[in-house]
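Here are some short exercises to work through with the model open beside you. Try each task before you read its solution.

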Amino acid sequence: MTPDFSIKNLDTLRNTDELLAIGNETITPNYAPQPVIFTHGKGTTLWDHDGKAYLDCIAGIAVSALGHAHPELTQALQDQVAKLLHTSNLYFNENQILLQEMLSKCCFADRFFFANSGAEANEAAIKLARRYQKSVAGRSTKVNIVAAHQSFHGRTMGAIAATGQPKYWEGFEPLPPAFQHVPFNDVDALASVVDDDTCAVLLEPLQGESGVRPAAPGYFQAVREICDRTGAILILDEVQCGVGRLGTLWAYEQLGIEPDIATWAKGIAGGVPMGIMAVREKHAHGFQKASHATTFGGNPLACRAALVVLQTLQQPGFLNNVQIQGEALRQGLRRLQESQPAIVDVRGAGLLVGAELKAGLALPVVGAARERGLLVNMAGPNTIRFAPPLIVNEDDIECAIQRFAAALAACDRP
Ligand SMILES: *Cc1c(COP(=O)(O)O)cnc(C)c1O
């Protein structure tokens with residue numbers, strides 16, 4: 001008899017343990033999912049297969065910017081699914097044009113390439129920078145890409161070559177050549193490697209994956225000057241920290257400079273896969289007809305979602321709430337730190353917040369928090385990352401701190 005693969009059967013006829021067993025036997029071993037299966041969500045709450053509720057303070061790694069089942073996003077997507085899903089980049093679609101127009105009015109850039117993930121947006125940025133230096137600037141030796149230690153730029157071959165953490169590329173060599181790395185927040189180190197052969201400098205405004213590490217004051221002004229002096233293209237990877245996450249629409253607004261190229265993904269379409277590479281007119285001409293493309297990029301569904309997200313983020317008070325709740329979260333964690341020496345440091349900006357813990361605690365705390373109905377994750381070996389939906393309120397923040405405190409107390413027994 002053919003097995004019944006209907007969702008109803010998955011939901012009702014098998015329990016969580018049975019589903020987890022099947023999942024763990026059939027997923028490629030590069031993932032180690034936590035023992036929970038989510039079935040639905042609303043706002044900042046997620047429910048699992050057993051009906052237990054969780055406060056979501058990770059938002060699918062800074063993706064679900066408007067929370068779960070946001071009414072306007074849901075309505076827009078339902079409407080779009082019934083109208084048109086895909087036509088390819090052989091043609092324009094209306095949503096894509098509207099999104100390009102909206103973006104051109106609310107950020108530094110003039111032109112936009114739509115992709116499906118952060119890594120793909122970074123690949124596009126790297127390829128564009130290389131091709132610009134060769135074909136527009138006429139500098140065939142200007143090929144080196146300088147990035148930072150502890151950076152994260154995604155999992156494609158180009159993106160791991162750019163990523164300054166060996167654990168992401170070991171075993172996958174040979175990597176694409178001509179990527180160099182320098183310590184983050186170190187102006188002298190950058191100045192000493194950027195020269196006439198530097199194609200681009202690729203940096204995160206705030207390093208997310210390696211432990212929520214903000215830029216030092218003045219660092220990016222110096223980076224901008226070094227790039228201007230040498231003709232290197234400044235690429236900012238805002239995949240995690242852009243799109244309202246830091247309390248401004250784009251992360252570069254906090255740095256006092258503008259990039260030549262920026263990449264956005266994660267939260268940009270509220271959970272629908274999308275990446276964007278944004279570029280000024282001048283550098284955009286590194287691409288010519290057919291020099292780069294993707295089948296799915298800019299499809300009507302993703303663009304419709306991004307339009308709703310960007311409209312919502314630009315409503316009066318929305319980004320202010322991100323700043324207020326982010327500050328409340330950091331303050332609450334710092335207050336907890338006074339009585340909890342297991343917290344080594346509290347960092348971040350907006351609603352991307354890191355609590356660095358004593359070595360060995362972060363992993364058990366993630367599990368203990370989940371058991372207490374709080375979802376957070378690890379960024380780097382010792383840091384707990386909070387990246388809740390941008391719609392959190394003060395009650396959510398208070399609840400998050402209470403549950404985190406309980407989880408920490410349970411794990412920090414001598
Ligand atoms: C998540 C992330 C990426 C990769 O995005 P994917 O959508 O997983 O390809 C790239 N850069 C930064 C800074 C990220 O946080």
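**Exercise 1: a bridge in the sheet**

Leu236 has Ala262 as its bridge partner in β11. Keep in mind that this is a predicted model.

Task: find in which sense strand β10 and strand β11 pair, and over how many bridges.

Solution. Start by locating β10 at residues 233-237 and β11 at residues 261-264. Next, follow the pairing: these strands run in the parallel sense, over 3 bridges. Finally, look at what packs here: helix α9 (residues 219-230) lies on the sheet and touches both β7 (198-203) and β10. The direction of α9 makes about 165° with that of β7.

**Exercise 2: the whole sheet**

Task: give the strand order and name the edge strands.

Solution. Walk across the open sheet of 7 strands, and you read β4-β12-β11-β10-β7-β5-β6, with mixed pairing. Then check the ends: β4 (111-115) and β6 (179-182) each pair on one side only, which makes them the edge strands. From one strand to the next, the twist averages 20°.

**Exercise 3: the ligand shell**

Task: work out which side chains place an N or O atom 2.7 Å from an oxygen atom of the ligand.

Solution. First list the surroundings, which include Ser117, Phe152, Asp237, Gln240 and Lys266. Sorted by type, the shell has 3 nonpolar, 6 polar and 3 charged residues. Helix α6 (residues 118-136) gives the most to it, with 3 residues. Now check the distances: the side chain of Gln240 fits at 2.7 Å, and so does that of Lys266. Phe152 instead uses a backbone N or O atom, 3.3 Å from a ligand nitrogen. To finish, note the cover: of the 380 Å² of accessible area that the ligand has on its own, the protein covers 82%.

Methods: Residues numbered from 1 in each chain as written. Predicted model: local features only at pLDDT ≥ 70, side-chain atom pairs only at ≥ 80, totals over all residues. Heavy atoms only, no water. Polar contact = N/O pair within 3.5 Å; in protein donor to acceptor, adjacent residues only side chain to side chain. Areas by Shrake-Rupley, 256 points an atom, 1.4 Å probe, with all protein chains shown as cover. Helix = DSSP H or I, 4+ residues; strand = E, 2+ residues; numbered from the N terminus. Nonpolar A, V, L, I, M, F, W, Y, C, P; charged D, E, K, R; others polar. Pairing = 2+ DSSP bridges. Axes fitted to C-alpha atoms, helices over the stretch in contact; angles between N-to-C directions. Contact = heavy atoms within 4.5 Å.
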